[in-house]
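Dear colleague,

Please find below the sequence and the structure that I am handing over to you. My findings follow directly after them.

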Amino acid sequence: MDFLINIAEGFIGLFRTGADVFMSWIVGIVPLVLILLVFMNTLINLIGQDKVNRFAQWASKYAIMRNMVLPFLATFMLGNPASFTMGKFLPEFYKPSYYAATAQYCHTSNGIFPHINPGELFVWLGIASGVDTLGLSMTPLAIRYLLVGLVMNAVGAYVTDFTTAYVSKKTGVELSKVATM
C-alpha cells in the first residue's frame, strides 16, 4: 500500500511543482515579455513601418548588415516568428543565410531579451537555473550568450551563402543577388 501512496504523492507532486513554476512565470517573466512586446510595437509605429522596411532593404546590400545587424534587429524588434518577414527585402540568393542567422538569433538573444522567443524561454531558464542556484547573476551569462551568438550566427550565415552558391552551381539555378523591391 505504501508503494501506491508514494506513486500517487509523486504523481501529484510533479504537477504541484509545475504549477509553482508556472505561477513564478505569471508574476515574473510573462509581464516582462508583454511589456517588451508592447514597447517594440510602439517603437516600430513611432519610427514608421515604411522607414523600417527601407532600412531593411538598404541593409541587405552589405554582408555584415545582412548577416549580423539585420537579423539581430529583426529578432529584437519583431520577435519570433515575425522577424523572418524582413527577409522579403533580400535578394533571392541571400534569403537562406538570412533565415539561418535569424533562426539562430531567436535562441542566442533570448537570455537577455526574453520577448524575442517566449515560446522557447524554458530552454534559457533551464540553463540559467544552474547559475541562479549558485547565487550568481544571470545577466553576464545572457550577455556572453548574446555576443557569442552575434559572431557565430553571422559565421553560420556566411557558410549558408557558400552552400547556396555551391547548390546553385551544381543545379544550374541562378539566384539574383540584387534586391527587387
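**Helix H7**

Helix H7 covers residues 139-171, and its 33 residues should span 48 Å at 1.5 Å a residue; the C-alpha atoms at its ends are 46 Å apart, which agrees with that expectation. Please keep in mind throughout that this is a predicted model.

At Gly 149, H7 bends by about 25°. Gly 149 is also one of the buried residues of this helix. Others that are buried in H7 include Ala 142, Leu 146, Leu 150, Asn 153, Thr 160 and Asp 161. What lies over these buried residues? The cover includes helix H4 (63-78), helix H5 (95-108) and helix H6 (121-133). After H7 comes Gly 172, which has a positive phi, near 75°.

**Helix H5**

For H5, the 14 residues should span 20 Å at 1.5 Å a residue, and the end C-alpha atoms are indeed 20 Å apart, so the two values agree. The buried residues of H5 are Ser 97, Tyr 98, Ala 100, Ala 101, Thr 102, Tyr 105, Cys 106 and Thr 108. They pack against H4 and H7.

**Arg 66 in helix H4**

Arg 66 is located in helix H4. Is Arg 66 buried or exposed? Its relative accessibility is 5%, and because a residue under 20% is classed as buried, Arg 66 counts as buried. Leaving aside residues up to four places away in sequence, Arg 66 touches Ala 59, Ser 60, Lys 61, Pro 71, Leu 90, Tyr 94, Tyr 98 and Asp 161. Two of these names have appeared above: Tyr 98 is among the buried residues of H5, and Asp 161 is among those of H7. Tyr 94 deserves a separate remark: 28 residues separate Arg 66 and Tyr 94 in sequence, while their C-alpha atoms are 8.3 Å apart in space.

**The salt bridge**

How many salt bridges does the structure hold? There is 1 salt bridge. As general background, side chains of opposite charge can pair when their charged atoms come close. Here the partners are the side chains of Lys 95 and Glu 92, with 2.8 Å from N to O. Lys 95 has a relative accessible area of 27% and is therefore partly exposed. Glu 92 is likewise partly exposed, at 43% relative accessibility.

**Helix H6 and the nonpolar patch**

Ala 128 belongs to helix H6 and is counted as buried, with a relative accessibility of 1%. Along the chain, Ala 128 and Gly 111 are 17 residues apart, and 8.4 Å separates their C-alpha atoms.

On the surface, Val 21, Phe 22, Met 23, Trp 25, Ile 26, Val 27, Val 30, Phe 122, Val 123 and Ile 127 make a nonpolar patch of about 910 Å². Which helices contribute to the nonpolar patch? Helix H1 (2-27) and H6 each supply at least two of its residues. H1 provides the largest share, with 6 residues. Trp 25 is a member of the patch and is found in helix H1. Its relative accessibility of 32% lies between the limits of 20% for buried and 50% for exposed, which means that Trp 25 counts as partly exposed.

When you open the model, I suggest that you begin with H7 and then turn to the other helices in the order given here.

Yours sincerely,
A colleague

Technical notes:
Residues are numbered from 1 along each chain as its sequence is written. This is a predicted model: local features need pLDDT of at least 70, side-chain atom pairs count only at pLDDT 80 or more; totals for chains, interfaces and linings use all residues. Side-chain values use heavy atoms; hydrogens and water are left out. Helices (H or I, at least four residues) and strands (E, at least two) are DSSP runs, numbered from the N terminus. The expected span of a helix is 1.5 Å times one less than its number of residues. The bend at a residue is the angle between axes fitted to the seven residues ending there and the seven starting there. Buried means under 20% relative accessible area, exposed over 50%, partly exposed in between (1.4 Å probe, protein chains only). Contact means heavy atoms within 4.5 Å. Patches are made of residues with over 30% relative accessible area and no salt bridge: like charges are joined within 9 Å, nonpolar side chains (Val, Leu, Ile, Met, Phe, Trp, Tyr) within 5 Å. Accessible areas come from the Shrake-Rupley method with a 1.4 Å probe; for residues, only the protein chains shown count as cover. A salt bridge is a side-chain nitrogen of Lys or Arg within 4 Å of a carboxyl oxygen of Asp or Glu.
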